[in-house]
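This briefing is meant for a reader meeting the structure for the first time. Please keep the sequence and the model side by side while reading the points that follow.

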Amino acid sequence: MRVLVAGATGVIGRALVPLLTSVGHDVTALSRSAGRSAVLEGTGARTVLADALDAPALDRAVREAAPDAVVHLLTAIPPRLDPRRMARQFALTDRLRTEGTRNLIGAAQRAGARRIISQGVAFAYDPDGDGLAGEDTPLWRNPPKPFRRSLDALRELERRTGEARGLVLRFGHLYGPGTAFDTDGQFVRDIRDRRLPLVGGGSATFSFTHVHDAATAVVAALDKNATGLLNIVDNDPAPMSEWVPEVARILGAPAPRRLPAFVARLAVGGWGVAYLTRLRGADNTRARLALDWRPRHTSWRTGMAVELNGAPAAVK
């Protein structure tokens, strides 16, 4: 089919576009600038230039592509995040998830697209509850103030995608090329330099997604009629008390420090402490059934070992 990928130069897009062309789809990559689209050279995709916040320009670009399906991967997340500046650093991403989603879905519908797939996140679930979060688990009911606008933006993205009878793929913490868990990414640098402590015991549970597995989920979703919400995560959610020391071991780095929450709050604020202590892992059962999808990287343990030093790690 003809597939338009908005956000094609991001970390998922760079894995997705060549995969789509390799299985026979006719791919158009939407990019804000010609410079950014250079990373897609040789993939077999054509490029159209438009800013998703410029509705008329986006409408022309989507009409030119005439897609059967539109994949919405639009974000603008900085490579290094400061939890004390989250509102400022996520301002553009929040607009892309609200105004950009409205513009893109409207343009897609006017161009006759039959399928909408949007990128969500699988780590915004309400932390008050038992076990892993399924798609019916509510999002964070009373989040820390710095996260509220971004959470509202995610809710709007999901609402608009649902109204268009589309599908939101909620991805976990991404790792692989170009991510914060790449060899020069923020998390890896901080673990290597012992700047990522275990706060309050390291109780936040992370569900990880390799960028290749994120891309294969999109490909699978194009061939299915699934709508609504699906968690795209690996099979091995783990608390920070488990994965941070393991990544340090893979890197040959010192074990992480431990820090009481009240001390960490002085450095990273209330949102930073909540992120490091309260996140809830996600369950991928529904996605495996609805999409007949399986992550190639079933556990972050082996996936990160390969990504970070090319050597396998023992699976616990």
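Does Ala226 count as buried or exposed? With a relative accessibility of 14%, Ala226 counts as buried, because the cut-off for that class is under 20%. The model discussed here is a predicted one, and the points below go from the chain as a whole to single elements and residues.

**The chain as a whole**

- The secondary structure of the chain consists of twelve helices and 13 strands.
- The chain has a radius of gyration of 19 Å, close to the 20 Å that the globule rule gives for 316 residues, so the chain is as compact as a globular protein of that length.
- Measured out along the principal axes, the C-alpha trace of the chain spans about 55 × 40 × 40 Å.
- Of the 316 residues in the chain, 54% are buried.

**Helix α8 and its surroundings**

- Helix α8 covers residues 211-222, and at 1.5 Å a residue its twelve residues should span 16 Å; the C-alpha atoms at its ends are 17 Å apart, which agrees with that expectation.
- Eleven of the twelve residues of α8 are buried, so this helix is largely enclosed by the rest of the structure.
- The buried residues of α8 include Val211, Asp213, Ala214, Ala215 and Thr216, and the same list continues with Ala217, Val218, Val219, Ala220, Ala221 and Leu222.
- Val218, which is one of these buried residues, has its C-alpha atom 7.7 Å from that of Leu16, although the two are 202 residues apart in sequence.
- Leu16 itself lies in helix α1, residues 11-22, and counts as buried because its relative accessibility is 0%.
- Ala226 is found in the loop between α8 and β11, the latter being residues 228-232.
- Ala226 and Asp94 are 132 residues apart in sequence, and their C-alpha atoms are 26 Å apart in space.

**Aromatic pairs and the aromatic cluster**

- The structure holds 15 aromatic pairs, and one of them is formed by Phe187 and Phe206, whose rings are edge-to-face, at 6.4 Å centre to centre and with 90 degrees between the planes.
- Phe187 lies in helix α7 (residues 186-192) and Phe206 in strand β9 (residues 205-206), so this pair ties together parts of the chain that are 19 residues apart in sequence.
- Both partners are buried, Phe187 with a relative accessible area of 14% and Phe206 with a relative accessible area of 0%.
- The rings of Phe208 and Trp300 have their centres 6.0 Å apart and their planes at 45 degrees, so this pair is tilted.
- Phe208 belongs to strand β10 (residues 208-210) and Trp300 to helix α12 (residues 300-309), so the pair ties together parts that are 92 residues apart in sequence.
- Phe208 counts as buried at 0% relative accessibility, and Trp300 likewise counts as buried at 0%.
- One aromatic cluster takes in Phe187, Phe206, Phe208 and Trp300, and its other members are Trp140, Phe147, Tyr175, Phe181, Trp243, Trp271 and Tyr275.

**The cavity and its lining**

- The count comes to one cavity of 30 Å³ or more, and the largest cavity has a volume of about 30 Å³.
- The residues that line the largest cavity are Ile191, Arg194, Arg195, Leu196, Val244, Ala248, Pro254, Ala255 and Pro256.
- Sorted by class, this lining has seven nonpolar residues, no polar residues and two charged residues.

**Residues with a positive phi**

- Arg194, which is among the residues lining the largest cavity, has a phi near 60 degrees, a positive value in a residue other than glycine.
- Arg194 is placed in the loop between α7 and β8, the latter being residues 198-199, and at 32% relative accessibility Arg194 counts as partly exposed.
- Ala66 also has a positive phi, of about 45 degrees, although Ala66 is not a glycine.
- The place of Ala66 is in the loop between α3 (55-65) and β4 (69-72), where Ala66 is partly exposed, with a relative accessible area of 28%.

How values were computed:
Residues numbered from 1 in each chain as written. Predicted model: local features only at pLDDT ≥ 70, side-chain atom pairs only at ≥ 80, totals over all residues. Heavy atoms only, no water. 1 Å grid on protein atoms, 1.4 Å probe; cavity = no way out; pocket = protein on both sides within 12 Å on 5 of 7 lines; lining within 4 Å. Points joined across faces, edges and corners; volume = space filled by probe spheres on them. Nonpolar A, V, L, I, M, F, W, Y, C, P; charged D, E, K, R; others polar. Helix = DSSP H or I, 4+ residues; strand = E, 2+ residues; numbered from the N terminus. Expected span 1.5 Å × (residues − 1). Buried < 20%, exposed > 50% of the residue type's maximum accessible area, 1.4 Å probe, protein only. Phe/Tyr/Trp six-rings, centres within 6.5 Å; stacked < 30°, edge-to-face > 60°. Rg over C-alpha atoms; globule rule 2.2 N^0.38 Å.
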